[in-house]
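Opening my notebook on a structure I haven't looked at before. I'll go place by place and jot down what I find.

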Amino acid sequence: MEIILGRKTFGIICLIIAIAIILSSALLGPNAQYSRPYIPESIYFSNLDEYAGKEVYITASIAQVNGNSIAFENHGGKRIDAKLQNPEEAKIGGLVFLSITYDKSADSFSGKILYKYEDKALREFISIIGLVIFIIYLSRVAKFDLRRLKLIVGGKENA
Amino acid sequence: MPDWIAHLGFAFLLAYALKIKRKEPVVIGALVPDIVRVFEFLPVFGNSTFFAALPFHGLLLPLFISGIICAFFIEGISYKKGLALMYLGVLTHLFLDGLMLYTIAGVRALIPFSFLRFGALNIVPSEDFSLAILAVIIIAVVVIYELLKRKQSKGAEQIKSD
């Protein structure tokens, strides 16, 4: 006997599987072997001993520059001081990608700026231009039914 | 990730190059892995939030998210075709994210079975906006060309009917 599943039934099955994947990742993730040095910063900063002597990459904004020493804040808002190999690259307020190593015996960080992120305002401006162009295109080819919250593919062409 | 507009542009251009008539599901699919960004500012479960967000850049979860979107939010195209086109968009997103260097999350294709990051393609700095500029320029040219072509063919049809 052939079982015919409707569009909405497929959608509900997909929803259940998606929730299962998200939950299993949230539960299994912290215990899983994931590739270093790409690790969540929050874990790094709460288990310093575990990562002592290992190179770790982080994204951070620079809060203070003092000679070859900088203070930066990670995404969690935690302030850390580190000695840099290339302090000339550091600029207060700038968002950078750093490679840092924790020296347990000296209880200090040392590292290097690998990449400086570009100007956010310009990127957002470009994105807005792109969005406008995309909306013009979509409004020409597809129809959006706001009442039912549905995108009708090719709706304008069929009309 | 590259700018979302770069994702959009790449998916649109691929659909255009492959002569796909219904490009909308492809471009929407290209944004599916970043759907999690909506919840980025809700770190309610601490570290678990990071791991819950990772599968959105895998191969499996975006397939089911696309399945949900196709079922409830898209009409005018068959379910299978819509899903296939959306997943094509998802693959373009994962490909572009695979190019990224200097990123912490990256593409973890086999999640939840393996949390290893796929970083073989690390060549473009993360959030490099030159990709976005290029994407916007190319999209603008293609969209203007498409709209002009559409207008021209409509005009020709009208003359014929007159």
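Which helix of chain A does A:L15 lie in? I looked it up: A:L15 belongs to α1, which covers residues 7–28 of chain A. A note to myself before going on: this is a predicted model.

**Entry: a patch on chain A.** I checked how open A:L15 is and got 38% relative accessibility. Buried means under 20% and exposed means over 50%, so A:L15 goes down as partly exposed. Next I looked for company. A:L15 joins A:I19, A:L23, A:L27 and A:L28 in a nonpolar patch on the surface. Together these residues have about 490 Å² of accessible area.

**Entry: a loop in chain A.** I moved on to A:N86, which I found in the loop between β3 (79–84) and β4 (95–103) of chain A. Is A:N86 buried or exposed? Its relative accessible area is 12%, and because the cut-off for buried is under 20%, I wrote A:N86 down as buried. Leaving aside residues up to four places away in sequence, A:N86 touches A:K112 and A:I113. With A:I113 I can be more specific: the A:N86 side chain reaches the backbone nitrogen of that residue at 2.9 Å.

**Entry: the start of chain B.** Here I looked at α1(B), residues 4–17, with 14 residues. I got 20 Å from its first C-alpha to its last, close to the 20 Å expected at 1.5 Å a residue. Its buried residues include B:L8, B:A11 and B:F12. Just after α1(B), I noticed that B:K19 takes a positive phi of about 55°.

**Entry: α4 of chain B.** How many of the 13 residues of α4(B) are buried? I noted 10, so this helix is largely enclosed by the rest of the structure. Among the buried ones are B:F64, B:G67 and B:C70. I then asked what covers the buried residues of α4(B). The cover includes α1 of chain A, along with β1 (74–75) and α5 (79–98) of chain B. I checked the span of α4(B) too: its end C-alpha atoms are 18 Å apart, which agrees with the 18 Å its 13 residues should span.

**Entry: one threonine.** Last stop was B:T92, placed in helix α5 of chain B. At 6% relative accessibility, B:T92 counts as buried. A polar atom of its side chain lies 2.5 Å from the backbone oxygen of B:G89. Not counting residues up to four places away in sequence, B:T92 touches B:F10, B:A11, B:L14 and B:A30. I had already met B:A11 as one of the buried residues in α1(B).

Key
Residues numbered from 1 in each chain as written. Chains lettered and ligands numbered in written order. Predicted model: local features only at pLDDT ≥ 70, side-chain atom pairs only at ≥ 80, totals over all residues. Heavy atoms only, no water. Helix = DSSP H or I, 4+ residues; strand = E, 2+ residues; numbered from the N terminus. Buried < 20%, exposed > 50% of the residue type's maximum accessible area, 1.4 Å probe, protein only. Polar contact = N/O pair within 3.5 Å; in protein donor to acceptor, adjacent residues only side chain to side chain. Contact = heavy atoms within 4.5 Å. Patch = residues over 30% accessible without salt bridge, like charges linked within 9 Å, V, L, I, M, F, W, Y side chains within 5 Å. Areas by Shrake-Rupley, 256 points an atom, 1.4 Å probe, with all protein chains shown as cover. Salt bridge = Lys/Arg side-chain N within 4 Å of Asp/Glu carboxyl O. Expected span 1.5 Å × (residues − 1).
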